[in-house]
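Grab a coffee and open the viewer. Below are some exercises, each with a worked solution to follow step by step.

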Amino acid sequence: MTALWSSPERRSERCPACADERPFEQPPCLDGHEPGECPEWACLDCGHAITLGTVESTRQARQLVTAAA
């Protein structure tokens, strides 16, 4: 994945629909993210949407406890 940053709201990525490197832009975020922090991006050529970013876990995983036989 190539990421050429020109601004926080615009970058270059490989578009799956266009099958080539294309400019992507962040549409207005309805979830309250600051500019450049929203994981949603849209291809400026075809409109294909992608989600980029990392997954953050806010819950701790529960530990499985088994009884000895």
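**Exercise 1. Placing a glutamine**

Where is glutamine 26 found? Then decide whether glutamine 26 counts as buried or exposed.

Solution. Keep in mind that you're looking at a predicted model.
- Step 1: locate the residue. Glutamine 26 lies in the loop between S3 and S4.
- Step 2: check the accessibility. Buried means under 20% relative accessible area. Glutamine 26 has 10% relative accessibility, so it counts as buried.
- Step 3: look across the chain. Glutamate 9 is 17 residues away from glutamine 26 along the chain, yet their C-alpha atoms are separated by 5.3 Å.

**Exercise 2. How far to trust the model**

Work out which element has the lowest mean pLDDT and which has the highest.

Solution.
- Step 1: start with the whole chain. The average pLDDT is 78, and 68% of the residues score at least 70.
- Step 2: go element by element. Strand S1 (residues 4–7) has the lowest mean pLDDT, 54, while S3 has the highest, 94.
- Step 3: zoom in on the start of the chain. The pLDDT is below 50 over residues 1–5, a stretch that still has 13 contacts in the model beyond near neighbours in sequence.

**Exercise 3. Tracing the strands**

List the elements of the chain, then find out which strands pair and in what sense.

Solution.
- Step 1: count. There are 5 strands and 0 helices, so the order from the N terminus reads β-β-β-β-β by the DSSP runs.
- Step 2: take S2 (residues 10–15) with S3 (residues 20–25). They pair in the antiparallel sense over 6 bridges. Arginine 10 has glutamate 25 as its bridge partner in S3.
- Step 3: move on to S3 and S4 (residues 40–43). These two run antiparallel and are joined by 2 bridges. Here glutamate 25 stands opposite alanine 42 in S4.
- Step 4: finish with S4 and S5 (residues 49–51), antiparallel again, with 3 bridges. Tryptophan 41 has isoleucine 50 as its bridge partner in S5.

**Exercise 4. Two turns with positive phi**

Which residue takes a positive phi in the hairpin of S2 and S3, and which one does so in the hairpin of S4 and S5?

Solution.
- Step 1: the hairpin of S2 and S3 has 4 residues between the strands, and alanine 19 is the one with a positive phi, near 60°.
- Step 2: in the hairpin of S4 and S5, with 5 residues between the strands, glycine 47 has a positive phi near 90°.
- Step 3: ask which of these deserves a second look. Most residues other than glycine have a negative phi. Alanine 19 is not a glycine, but its phi is positive at about 60°.
- Step 4: check the surroundings. Because its relative accessibility is 46%, alanine 19 counts as partly exposed.

**Exercise 5. Faces of S4 and the core**

Which side chains of S4 are buried, and which residues make up the largest nonpolar core?

Solution.
- Step 1: recall the general pattern. In a regular strand the side chains alternate between the two faces of the sheet.
- Step 2: apply it. Trp41 and Cys43 point to one face of S4 and are buried, while Glu40 and Ala42 point to the other face and are not.
- Step 3: assemble the core. Its 6 residues are Cys15, Phe24, Trp41, Cys43, Ile50 and Leu52.
- Step 4: inspect one member. Phenylalanine 24, in strand S3, is buried because its relative accessible area is 0%. Leaving out residues up to four places away in sequence, phenylalanine 24 touches several residues, including Cys15, Trp41, Cys43 and Ile50.
- Step 5: try another. With that same exclusion, cysteine 15 touches, among others, Phe24, Cys43, Cys46 and His48.
- Step 6: put it in context. Of the chain's 69 residues, 16% count as buried.

**Exercise 6. What sits on the ring?**

Which residue has its charged end over the ring of tryptophan 41? How many aromatic pairs does a search of the whole structure find?

Solution.
- Step 1: it's arginine 11, whose charged end sits 5.4 Å from the centre of the tryptophan 41 ring.
- Step 2: for aromatic pairs, the search of the whole structure finds 0.

Conventions: Residues are numbered from 1 along each chain as its sequence is written. This is a predicted model: local features need pLDDT of at least 70, side-chain atom pairs count only at pLDDT 80 or more; totals for chains, interfaces and linings use all residues. Side-chain values use heavy atoms; hydrogens and water are left out. Two strands pair if DSSP finds at least two bridges between them. Rings of Phe, Tyr and Trp (its six-membered ring) pair if their centres lie within 6.5 Å; planes under 30 degrees apart count as stacked, over 60 as edge-to-face and the rest as tilted. A charge sits over a ring if NZ of Lys or CZ of Arg is within 6 Å of the ring centre and within 35 degrees of the ring normal. Buried means under 20% relative accessible area, exposed over 50%, partly exposed in between (1.4 Å probe, protein chains only). A nonpolar core is a set of buried Ala, Val, Leu, Ile, Met, Phe, Trp, Tyr and Cys residues joined through side-chain atoms within 4.5 Å. Contact means heavy atoms within 4.5 Å. pLDDT is the predictor's confidence in each residue, from 0 to 100.
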